[in-house]
Amino acid sequence: MSRTGAKQRARVGIAHLRSLLVGLLALVTAATATACTTDDDRPDIVVTTNILGDVTREIVGDEADVTVLMKPDADPHSFGLSAVQAAELEQADLVVHNGLGLEENVLRHVDAARESGVATFAAGEAAGPLTFHTADDGGPEGEEGQPDPHFWTDPDRVRKATALIADQVIEHVDGADADTIRANADRYAEELTDLTAWMEKSFDRVPEGTRSLVTNHHVFGYLADRFGFRVIGAVIPSGTTLASPSSSDLRSLTEAMERADVRTVFADSSQPKRLAEVLRTEMGGQVRVVELHSESLTAEGGGADTYLRMMRANTTAMVDGLTGA
């Protein structure tokens with residue numbers, strides 16, 4: 001081999017080595033950047049339901065990550081967690097949940113997180129819960145005196161919960177700027193005040209004699225209390241969708257509807273409408289079934305993908321359903 005050829009091969013080898021070193025350095029740099037991104041010290045707030053998740057994100061903004069466990073269009077009474085989600089609860093800086101027995105398959109995981117030292121906050125318990133009434137008063141039989149978990153149907157209670165969630169974030173989430181959290185919470189509280197005023201004006205269109213509600217299960221006690229409605233009954237005579245009605249329950253409800261001259265049933269969009277349809281059959285087909293988004297937000301673009309849009313959509317549907325619009 002000539003000396004010139006040897007030098008050329010040596011130069012090629014050195015260039016190849018340099019290329020390998022540059023590539024290796026790039027991989028190390030990328031790995032370091034990824035580690036900084038995935039293993040950063042950003043705090044994490046875990047929220048059980050998507051309604052509370054939306055509220056919490058409005059409060060937190062960019063000050064922390066907010067992980068929501070419940071998927072859009074799910075049922076808060078029946079959704080469960082994967083092993084990964086259960087682990088996220090125990091690694092959170094703060095867990096926000098509804099409480100009052102709403103997340104029936106998730107509460108044991110929340111309890112486990114609390115026992116491991118994670119700060120937890122039950123928004124429903126802090127928002128001034130109402131209790132269910134007896135069946136004669138339009139509430140679920142067998143649950144008299146038990147707290148009603150569906151506090152979010154009253155935007156005033158959500159406004160109260162907003163301030164309390166902000167307090168919890170400031171107290172337990174290191175690195176979250178208190179002034180920013182307060183400003184976010186105050187801004188959102190103003191939007192909730194506007195929502196309440198708009199709902200009052202909308203419900204004013206419903207005559208006093210027709211301000212009666214029948215739902216697929218007992219979910220609108222807070223709305224009825226706040227805006228002056230009467231809950232006649234529910235197809236499922238319970239505060240949870242996991243219960244089932246008997247033939248006597250349906251008969252009692254149809255009789256109550258006949259006495260109150262109610263012909264509209266509001267059914268949650270996340271639940272099958274079969275039971276409401278059965279009720280329509282029981283009353284000779286003279287019942288209108290109107291879908292609401294009462295317990296879950298929709299996916300983005302679904303018409304109720306934020307709490308504010310959900311409440312406005314429900315209000316419009318209820319007014320139209322009760323006025324025949």
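The largest nonpolar core in this predicted model has 55 residues. If you want to find its busiest spots, look at Ile45, Phe151, Val169, Leu223, Phe229 and Tyr307, which have the most contacts inside it. Helix α11 is the element that gives the most to this core, with eight residues. Apart from this core lies another one, of 13 residues, with Leu69, Leu81, Val95 and Val118 among them.

Let's zoom in on tyrosine 307. Setting aside neighbours within four places in sequence, what is tyrosine 307 in contact with? The list takes in Ile51, Asp54 and Val55, then Trp152, Asp154, Pro155 and Val158, then Tyr188, Leu192 and Leu195, and finally Leu297.

Now step back to aspartate 305, in the loop between β8 (288–292) and α11 (307–323). Is aspartate 305 buried or exposed? Its relative accessible area is 18%, and the cut-off for buried is under 20%, so aspartate 305 counts as buried. Its side chain makes a polar contact with the side chain of arginine 309, at 2.5 Å. Leaving out neighbours within four places in sequence, aspartate 305 also touches Leu297, Thr298, Ala299 and Glu300, all by the contact criterion.

For a bit of strand geometry, head over to β1 (residues 44–47) and β2 (residues 65–68). These two strands run parallel and are joined by four bridges. Within the pair, valine 46 stands opposite threonine 67 of β2. Add helix α2 (residues 50–60), and β1, α2 and β2 together make a β-α-β unit that is right-handed. As a general point to keep in mind while looking at strands, side chains in a regular strand alternate between the two faces of the sheet.

Technical notes
Residues numbered from 1 in each chain as written. Predicted model: local features only at pLDDT ≥ 70, side-chain atom pairs only at ≥ 80, totals over all residues. Heavy atoms only, no water. Pairing = 2+ DSSP bridges. Right-handed = clockwise from strand over helix to strand, strands pointing away. Buried < 20%, exposed > 50% of the residue type's maximum accessible area, 1.4 Å probe, protein only. Polar contact = N/O pair within 3.5 Å; in protein donor to acceptor, adjacent residues only side chain to side chain. Contact = heavy atoms within 4.5 Å. Core = buried A, V, L, I, M, F, W, Y, C linked by side-chain atoms within 4.5 Å.
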